[in-house]
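User: I'd like to learn how the labels in a structure get decided. Can you walk me through some?

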Amino acid sequence: MGRLPRAVASVGLLVAAPAIALADLAAGLEFSFSIFYVIPPVVAAWYFGRGLGIGVAAVTGLSWAYAESATRVASLPAATWNRGTRILVLIAFAYLIDLVRRHQEGLRALLAQRDEFLSLVAHELRAPVAAIEIVATGLTRAPGIGAHERTALDQLRDQAHRLASLAEGLLSVGQLEAGVGRLDRRELDLRTIVATAGAVDARVRTTVPELPVPVLADPDSIQRAIVNVVGNALKFSPAGRRVDVTLAADAGWATLAVIDQGIGLDSAEVRRLFRKYARIRSKANAHIPGVGLGLYFSRLVMDAHGGTIEVRSPGPGAGATFELRLPLSPARGDRPAEWTAGA
């Protein structure tokens, strides 16, 4: 905030205290305006810092004392005590509000440093981990490798792939949060993305409409968002349980429903599921890998495309339904049935 707006706001806050005192005097003893005296010092301390907050608190306390002395007669010791304690309370309010503000700013700075550090680590990890994955894959095909060595190399490759996915997820989330990079929006048939996501596991059953479902979106980010949701449903579903993925288009929206028969969610878990690093921790899923970035990334992608993502669940043990919605391309009504993405 510039000097002039700060000066104007400071004068306004200093004038507010006498204005409240005048209103208090006009109301007399029938109505109390005491609560309003707290507002100027709190606002001043929160937005402009401790110095101005304490100054406004002192002026407000003196204005309060004047209104009190004009409407209520008291002995000198009682009047001194009452007025003095009011001024001290207002100054303490301003000090504490400024303290909370400083701690909040410090916490935001720490969180920003953490995210910057994680992005840096992810960036540095991406290349060597990818090299490990490539080398491990090549070695598994080399002649003379025994079954035990091949199993160890497969495990090494899988762990390297997980690290690469984690690094890519951290970088992608950081870019979306910072608004770095541009989404390569193009008109595409969402059915092709759903088919790709459905191919990740034999337990996934996809249902798509006969006509194309054109949307204006970045293919890579939308595909990753959908794969994250489908993969999450698979991870938290018992072995052998099916995951239904249904795509529909109606009223200007493409709606994708991912329905699992997994561990389900309670109301508190539903509210925090799409937050950064959110994980549903329990004895039943403690062995499931993940740091809580997949669904958060999906939410960022849907927000960036003007869409939404929501989850519903009857409760623990009753499965969950994830619903992703994207606006349809405006040209959908003009497309023939044989339309395909990019045509």
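**Reading the labels**

Analyst: Sure! This is a predicted model. Five strands make up an open sheet with mixed pairing, in the order 2-4-5-7-6.

User: What makes strand 2 and strand 6 edge strands?

Analyst: Strand 2 (204-207) and strand 6 (308-312) each have a single partner strand, so one side of each has no neighbour in the sheet.

User: How do you know that strand 2 pairs with strand 4?

Analyst: Pairing takes at least two bridges. Four bridges join strand 2 to strand 4 (residues 243-250), and the two run parallel, so they count as paired. Val204, for instance, stands opposite Val243 in strand 4.

User: Why is the contact between Arg50 and Asp98 called a salt bridge?

Analyst: The cut-off is a side-chain nitrogen of Lys or Arg within 4 Å of a carboxyl oxygen of Asp or Glu. For Arg50 and Asp98, the N to O distance is 2.9 Å, so the pair qualifies. Arg50 lies in helix 3 (residues 50-71) and Asp98 in helix 4 (residues 76-140), so the salt bridge ties together parts 48 residues apart in sequence.

User: Why is Asp98 called buried, and what is Arg50 called?

Analyst: Buried means under 20% relative accessible area, and exposed means over 50%. Asp98 has 0%, so Asp98 is buried. Arg50 has 25%, which falls in between, so Arg50 is partly exposed.

User: What about Asp244 and Arg242, which also meet in a salt bridge?

Analyst: Use the cut-offs again: Asp244, at 14%, counts as buried, while Arg242, at 35%, counts as partly exposed.

Terms used:
Residues numbered from 1 in each chain as written. Predicted model: local features only at pLDDT ≥ 70, side-chain atom pairs only at ≥ 80, totals over all residues. Heavy atoms only, no water. Buried < 20%, exposed > 50% of the residue type's maximum accessible area, 1.4 Å probe, protein only.
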